Amino acid sequence: MQAVNVQNIQNTQMKTVTYDDAVVRAFTVVTVLWGVVAFLVGVIVAAQLSFWQANLGVEWLSFGRLRPLHTNAAIFAFVGNSMFAGIYYSTQRLLKVRMASDLLSWSHFWLYQLIIVAAAVTLPLGLTQGKEYAELIWPIDLMVVLVWVIFGVNFFWTVAIRNEKNMYVALWFYIATIITIAVLYIVNNLQLPTSLLHSYTVFGGVQDALVQWWYGHNAVAFFLTTPILGLMYYFMPKAAERPVYSYRLSVVHFWSLIFIYIWAGPHHLLYTALPDWAQTLGMIFSVMLWAPSWGGMLNGLLTLRGAWDKLRTDPIIKFFVVAVTFYGMSTFEGPLLSIKSVNALGHYTDWIIGHVHGGTLGWNGFMAFGMIYWMWPRLYGTKLWSVSLAETHFWLATVGILLYVVSMWVGGVSQGLFWRALDAEGFLRYPDFIEGLTNSRAMYHARLTGGLFYLLSSLLLVVNVVMTARQGRPSTVTVQVPVRRDAPDGAGVWALLTSAPMLLIAAIIALGIWFGVAGPMVSPVALALFILVCTAGIISYGLQQRRWGHWYGLVERHGFVFTILVLLAVLVGGAVEIIPTLVVTEKVPATITDEMIAEDPALAETAKWLQQPYSPLELAGRDIYVAEGCYTCHSQMIRPFRHEVLRYGEYSRLEESLYDHPFQWGSKRTGPDLARVGGKYDNLWHYLHLMDPRSTSPASNMPGYVHFKTRTVDPAETVGRMRALQRLGVPYGDEDLALAGQRLDSQAQLIADDLLAKNVEVDPRSHMVAMVAYLQRLGRGPQPLAPAATAAVPGGGGDAEPAAAQKE
């Protein structure tokens, strides 16, 4: 046997490989840089919630414009660049080959930084799509797609020329990330441009809501989770000098995670106008996520078995342990919040903010810090400049993120209980929304303090990174590796694609999609066949585990087949959820006549709530609302709870937002819901509230919008946007387009005249008048020539409901 081994070694062809670590160093540097920027902007927006004066009276520094900048910087600039740094470092070493193209690697780097700079310029200027985590305007979206194609081509090209036969578990997560983000980003950002800097989403209303949170939730899954899990599976064993605890557990973790995660998006829309079946499906799959998520967490922590002594002395291990712990906390909290009874309490509150930051800054942030501290000295052929400084960084960041998350937990639960509190007669105990905001102020101060700690800790990382680089020099790693040769028993691609397990998987997916899109008569048949085929698959696996294991080992060696399996796993969930919703909403007629109601009486209820297109002035006001990021603080979705109906009005229906491109249901209530604010206050109240929110709501932390008075609406631009919406299915007629300018001026003049009668002079074409028109429209029918509401300006807390409305 020894002689045979010697002969095999002598016959093995060796190859010299020099890894491209220059691009890794570049991505690491910008990770640290953009991390500091993201944390700084986060501290600023946290300060704005505690002290409204921090908006500085500058329109491009207002909370509504900076909050998207903070989220994009934290997710795509900080976490994104750290992910790329780790992937480029680990992929080359796991595949034992240099990245396929240096040109593609550096094109990826520079174009991605250009995207980040473009986002940093456009978002404060109010150039946005108005969709959370997808705010970038369409030219930047095209750049993102280009960069992702470059990254994907370079990665899969490298997989194809690898010198390592098998693909390690970390690479599975990288493949899932590349494939799924491509699908999610393209579908969610389908849009119709109206100009170089503006567009409308192809989907509207409930369709847009479902597609957005299918994307939004799975952006968390496949941008903030799967690639970071891949980094965990590479860097934690390296730091601990121990192998991964369980290969079998990693297989179960990977496939169950990517299959289940894609279904869970609708849990962001519980108790909304989304169809109940989609809400329930999202909740069920979200609860199922507990198992694979915690399986991955335990696999990471148990990898440290026999190395726990390092926890006392090694700050890198500390960062990794806290990161994986936050992963476990976040993946416990997410399914918990998807349970309807818990979601009813926590949604729209600061609890959600704490949950998101625990995942991004706790899980992703600490994993990035640990990876950088481990990788950076090796990239410069030296040791870390200061271990004690890294220790200080760890403890300062840990205290900061705990203070942040705990304060948001406390504040969020308090808000939820405050909003739903009823008195003995069943009416609101705290009718003034602003009172809840005042009671949360202490938690906002605690959040700000925690953010400051986290920001300061990142500055210590900057010092350590700079000093470590100064004491070393960029290193070049060259290794001798055996050239890969395909195993004699390896199956071809076609043989694997047509193998029995693949056909079984394809049948399960096809039946699942059929069940999702089938009608009530056919769906039981599809479900029965689905259960039958799944049972047959389980029995087959139980009887032939060795053959299944051999088959999976072959799949693991074929990057193309493996990628096809990943694509199938993630497509099925999106297809089952999105396609039926598109079909249902397409069946809602644009107009409902008396004759139609006579034929189908059920249409009477639909007609009552059916949305009519916005007038030209209202549409201009809505575009301003979106540009200012008002959706970051206000929802437009009243849930069917007594306390919400008492506070805001009749609960929201699906038909009410069919023509909203994009939808504006919101996900956070720093201010009250606006779905039915139209007619509740007069035009003067809205003017005063927008000019100086403290004049109507003394405790408000909303910024003023003085610039609304000097900015003007362009009627020609509004007509162009109406024409684009007409192409998207909004029922604007040719007459509506021809008379748009005249109708805009007519409605604007009515509002301006009403304000002038109350001693306020304003340009009829100003943004102020357009915004007032939009707010007065919400929850009401078309108001093209209607006089302004005549309700008196409430005294004291301006966000309170009229007492009579509470008792109705």
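This report describes one helix, one strand pair and the nonpolar cores of a predicted model.

## Helix α2

Helix α2 covers residues 22-50, which makes 29 residues. From its first C-alpha to its last it reaches 43 Å, close to the 42 Å expected at 1.5 Å a residue. Most of α2 is covered, with 23 of its 29 residues buried.

## The β2-β3 hairpin

Strand β2 spans residues 191-195 and runs antiparallel to β3. The two strands are joined by 4 bridges, and they form a hairpin with 2 residues between them. Leu192 has Tyr200 in β3 as its bridge partner.

Strand β3 takes in residues 198-201. Its side chains point in two directions: His198 and Tyr200 go one way, while Ser199 and Thr201 go the other way. Residues on both sides of β3 are buried, since His198, Ser199, Tyr200 and Thr201 are all listed as buried.

## The nonpolar cores

The largest nonpolar core has 233 residues. Within this core, Phe222, Trp255, Trp363 and Phe562 touch the most other members. Helix α3, residues 63-95, gives the most to the core, with 18 residues. Another core, of 5 residues, lies apart from it. Leu337, Val342, Leu345 and Ile352 are among the residues of that other core.

## Around Phe562

Phe562 is one of the residues that touch the most other members of the largest core. Leaving aside neighbours within four places in sequence, Phe562 is in contact with Met167, Trp172, Ile175, Phe254 and Trp255, and also with Tyr552, Val555 and Glu556. Trp255, one of these contacts, is itself named among the core residues that touch the most other members.

How values were computed: Residues are numbered from 1 along each chain as its sequence is written. This is a predicted model: local features need pLDDT of at least 70, side-chain atom pairs count only at pLDDT 80 or more; totals for chains, interfaces and linings use all residues. Side-chain values use heavy atoms; hydrogens and water are left out. Buried means under 20% relative accessible area, exposed over 50%, partly exposed in between (1.4 Å probe, protein chains only). Two strands pair if DSSP finds at least two bridges between them. A nonpolar core is a set of buried Ala, Val, Leu, Ile, Met, Phe, Trp, Tyr and Cys residues joined through side-chain atoms within 4.5 Å. Contact means heavy atoms within 4.5 Å. The expected span of a helix is 1.5 Å times one less than its number of residues.
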